[in-house]
Amino acid sequence: MIQSFSVWLHSTKLSWAVAGGIPWLWPLCETLHFIGLALLVGIVGVLDLRMLGMAKGLPLAPLQRLMPFAILGFTINLITGCLFFTGDPFQYIHNVAFAFKLLFIGLAGANVMLFYLTGLYRRVDGVGAGGDVPAAAKVVAAVSLFLWIGVMFWGRMLPFIGNAF
Amino acid sequence: MSFLASIENTALATWIRESSSLWGYPAILFMHTVGLGFLVGLNAAIDFRLLGFARRVPLAPMESFYRLMWAGFWVNAASGTLLLMADATTKLTNRVFYVKMVFVFLAVVNMVVIRRRVFRDPAIDTAPVGRLGRMLAVSSLLLWMAAITAGRLMAYFGPVSGAPGLQNRIP
């Protein structure tokens, strides 16, 4: 099914455009993918590191208002990532590094869900300047840092462990 | 042998480029990406705050981000030097590389100026962010985006270099 979907995807005009039909499109997407990466990792990193005890003078409630920029970064990367896949699906579907990258993104998503759905988010929101977040939130923060750095690792390994450029 | 070729032919540069070990080129490239994420991402967090987002976040404690931003900078200076050695004849003759260096230099100067003019201002967090602080935030965001763009385009313009087997190039 993945195979036939990929065959169809590869036959589309969009795939042709991304894969070099429009020469500047792939480099543009790569550039945006790295700008999105910096936004996502930087903003999520600030929140995670604060929860882990760095820059304790920062109250958590207003700091969480920076999250829309992380979501913006994620959205940019989701769109550009889908475009890369559309451009050359075959270099990803049999790529171990790509499978792990998706797995880590999924786990990072589950980690965020856990943070919001268990009410941990509200308890963290009440932590002011100098305060400590609950231990469970520290675990979520450490797991988040590990997973997002892992996503960067698997992304960078696409050409080396797998075979994508 | 030219100077650039002699750099590229040192044992270290050859190993980085040609070793099949993940500890060579792949690991160094990964470090360069992590350094970028933290250096630029934390800068962006400060910039957004200076521009008026998350206004109730006090600025003063954000100064402690500088330690991590400098760590990101030095990780990237070191990993960048190694990547440069591995492909000296191609990257050091690529005009886009020098464009990237100019933007990185200006962005780092901008980052230092924000520390001196905004974080060392005794009125920080008692008065709203001034015009200078907001302008520095805008130039910071633009300079880092330009540096990332130039860095990415090094793989597509000029002499062939970068990841082995990289196929997608603008001729």
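At what angle do helix 3 of chain A and helix 3 of chain B pack, and how far apart are their axes? In this predicted model, the angle is about 70 degrees and the axes lie 7 Å apart. Helices here are DSSP runs (H or I, at least four residues), numbered from the N terminus, and strands are E runs of at least two. Axes are lines fitted to C-alpha atoms, for helices over the stretch in contact, with angles running from 0 to 180 degrees between N-to-C directions. A word on bookkeeping: residues are numbered from 1 along each chain as its sequence is written, while chains are lettered from A and ligands numbered from 1 in the order in which they are written. As this is a predicted model, local features need pLDDT of at least 70 and side-chain atom pairs count only at pLDDT 80 or more, whereas totals for chains, interfaces and linings use all residues.

Back to the helix pair. The two helices are therefore roughly perpendicular to each other, a label for angles of 65 to 115 degrees (under 35 is roughly parallel, over 145 roughly antiparallel, and the rest oblique). Residues making the contact include A:Ala38, A:Gly42 and A:Ile43 on one helix and B:Phe38, B:Gly41 and B:Ala45 on the other. Contact means that two C-beta atoms, placed from the backbone, lie within 7 Å. By class, this helix contact has 12 nonpolar, four polar and no charged residues. Ala, Val, Leu, Ile, Met, Phe, Trp, Tyr, Cys and Pro count as nonpolar, Asp, Glu, Lys and Arg as charged, and the others, Gly among them, as polar.

Zooming out, the contact between the chains takes 35 residues from chain A and 37 residues from chain B. On the chain A side, helix 3, helix 4 and helix 9 (135-157) each give two or more residues, and helix 3 gives the most, with 14. That side has 27 nonpolar, five polar and three charged residues.

What is chain A built from? It has nine helices and zero strands, and its C-alpha trace spans about 55 × 30 × 25 Å along its principal axes. Of its 165 residues, 41% are buried, that is, 20 or more other C-beta atoms lie within 10 Å of their own (12 or fewer is exposed, in between is partly exposed; C-beta atoms are placed from the backbone).

The largest nonpolar core has 81 residues, and those with the most contacts inside it are A:Ala38 and A:Ile43. Its largest share, 15 residues, comes from helix 3 (residues 25-51) of chain A. Such a core is a set of buried Ala, Val, Leu, Ile, Met, Phe, Trp, Tyr and Cys residues joined through C-beta atoms within 7 Å. Beyond its neighbours within four places in sequence, A:Ile43 touches residues of both chains, among them A:Leu66, A:Phe69 and B:Gly41.

Two alanines stand out. Most residues other than glycine have a negative phi, yet phi is near 50 degrees at A:Ala55 and near 45 degrees at B:Ala54. A:Ala55 is in the loop between helix 3 and helix 4 (60-63) of chain A, and B:Ala54 is in the loop between helix 3 (25-50) and helix 4 (65-86) of chain B. A:Ala55 counts as partly exposed because it has 19 C-beta neighbours inside 10 Å.

How confident is the predictor? The complex gets an ipTM of 0.93 and a pTM of 0.93. Chain B averages a pLDDT (the predictor's confidence in each residue, from 0 to 100) of 91. Residues 162-171 of chain B, however, stay under 50.
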